[in-house]
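Biologist: Could you walk me through this one before I go back to the bench? I would like to start with the charged side chains and then move on to other things.

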Amino acid sequence: MANKRQSDTISQQRKARKEFLELKKMQNGDATPPPKPSEVEVLPQTPKEKWQNFWYHFKWHTIVSIGMVIFLAITISQCMSRTKWDMKIVYFTYSPILDQQLEPVADYFESKSKDLNGDGEVNISVINCSLSTNKTDAQFDQAKLTKLQAIIAGEPEAILFITDKDSIEFFSSDTFKNFFKNEPQPLSDDFYKACKYSALPKELQISSREISGTLLENDKKSQKVYNECQKLLEKIKD
């Protein structure tokens, strides 16, 4: 028993001496001191601790990444579900009409036309640019005129224009010189029968834009739509 206590004492002395020597080395710069307890990295062990550690370090990276994935998913979905128009017809009159009232107009022309973009469907958009001509709605009318001008400048599929006897005069200025191929063609009784529930104004007429001598002349899409529009006008004559 006495020998065991003596052995323990010797071990403790050796340990104390070793620690003393290590301390002297560190004081003299001959050894690197161990890290402070506060500097020792405590690695997460449980799934919850690991998640909390990840979220602490990568929270904003994760939020931005998720946002980008959602944005791309929505954008791709919208592009895939977006209607591919075979042609667009501009409805420009001096009497206002609701977009819903123009749906039968689109149906009528779709029944007379053919698939131009090869997607197996005939889809025609009738763009509402009708004005109110009410002085109190000047801002509304200006917005519609701006829309009309934007379509003329940047829509190669917009070849046909539906007008009334007053709105056609808008194109009589030098700005639109030779804008239309021929004189306006009155829309037939067959057209009004097909659209009888739309409350359309009487004496509507349709015109084809002239693309010869314009930037649209060399646009393949515009040329294709233009050719189909000439055939369409022949079909709907009285």
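Modeller: Let me begin with a definition: a salt bridge here is a side-chain nitrogen of Lys or Arg within 4 Å of a carboxyl oxygen of Asp or Glu. This is a predicted model, in which local features need pLDDT of at least 70 and side-chain atom pairs count only at pLDDT 80 or more, while totals for chains, interfaces and linings use all residues. Residues are numbered from 1 along each chain as its sequence is written, and side-chain values use heavy atoms, with hydrogens and water left out.

Biologist: OK, so how many salt bridges are there in the whole structure?

Modeller: The search of the whole structure finds five salt bridges. One of them joins Lys88 to Glu155, with the closest N and O atoms 2.9 Å apart.

Biologist: And which parts does that pair tie together?

Modeller: Lys88 lies in strand 1 (residues 87-92) and Glu155 in the loop between helix 4 (138-154) and strand 3 (158-163), so the pair ties together parts that are 67 residues apart in sequence. Helices (H or I, at least four residues) and strands (E, at least two) are DSSP runs, numbered from the N terminus.

Biologist: Is Lys88 buried or exposed?

Modeller: Lys88 counts as buried, at 13% relative accessibility, whereas Glu155 is partly exposed, with a relative accessible area of 23%. Buried means under 20% relative accessible area, exposed means over 50%, and partly exposed is in between (1.4 Å probe, protein chains only).

Biologist: What about Asp166, what does it form a salt bridge with?

Modeller: Asp166 pairs with Lys165, and their closest N and O atoms are 3.8 Å apart. Lys165 is exposed at 51% relative accessible area, while Asp166 is partly exposed at 40%. Another salt bridge links Glu234 and Lys237, whose closest N and O atoms are 3.2 Å apart; Glu234 counts as exposed at 51% relative accessibility, and Lys237 is partly exposed at 44%.

Biologist: Now a lysine that puzzles me: what is the nearest side chain of opposite charge to Lys144?

Modeller: The nearest side chain of opposite charge is Asp99, 5.7 Å away, and Lys144 is buried yet has no salt bridge. For charges, Lys and Arg count as positive and Asp and Glu as negative, with His and the chain ends not counted. Lys144 sits in helix 4, and, leaving aside its neighbours within four places in sequence, Lys144 is in contact (heavy atoms within 4.5 Å) with Asn128, Cys129, Ser130 and Leu131.

Biologist: Helix 4 again, then. What is Ile151 in contact with, beyond its neighbours within four places in sequence?

Modeller: With those neighbours left aside, Ile151 is in contact with Val90, Ile127, Cys129 and Ala158. Ile151 is also found in helix 4 and counts as buried at 6% relative accessibility. The C-alpha atoms of Ile151 and Ile127 are separated by 9.2 Å, although these two residues are 24 apart along the chain.

Biologist: Switching to the surface, which residues form the nonpolar patch?

Modeller: The nonpolar patch is formed by Trp51, Phe54, Trp55, Phe58, Trp60 and Ile63, with about 650 Å² of accessible area together. Patches are made of residues with over 30% relative accessible area and no salt bridge, like charges being joined within 9 Å and nonpolar side chains (Val, Leu, Ile, Met, Phe, Trp, Tyr) within 5 Å. Accessible areas come from the Shrake-Rupley method with a 1.4 Å probe, and for residues only the protein chains shown count as cover. Ile63 belongs to helix 2 (residues 47-81) and is partly exposed, at 37% relative accessibility.

Biologist: Which lysines gather in the patch of positive charge?

Modeller: Lys114, Lys224, Lys231 and Lys235 gather there, on the surface, the place of a charge being taken as NZ of Lys, CZ of Arg, CG of Asp or CD of Glu. Lys231 is in helix 6 (residues 220-235) and counts as partly exposed, at 47% relative accessibility.

Biologist: Last topic, the backbone: where is Asn178?

Modeller: Asn178 is in the loop between strand 3 and strand 4 (185-186), and Asn178 has a positive phi of about 60° although it is not a glycine. Asn178 is exposed, with a relative accessible area of 62%.
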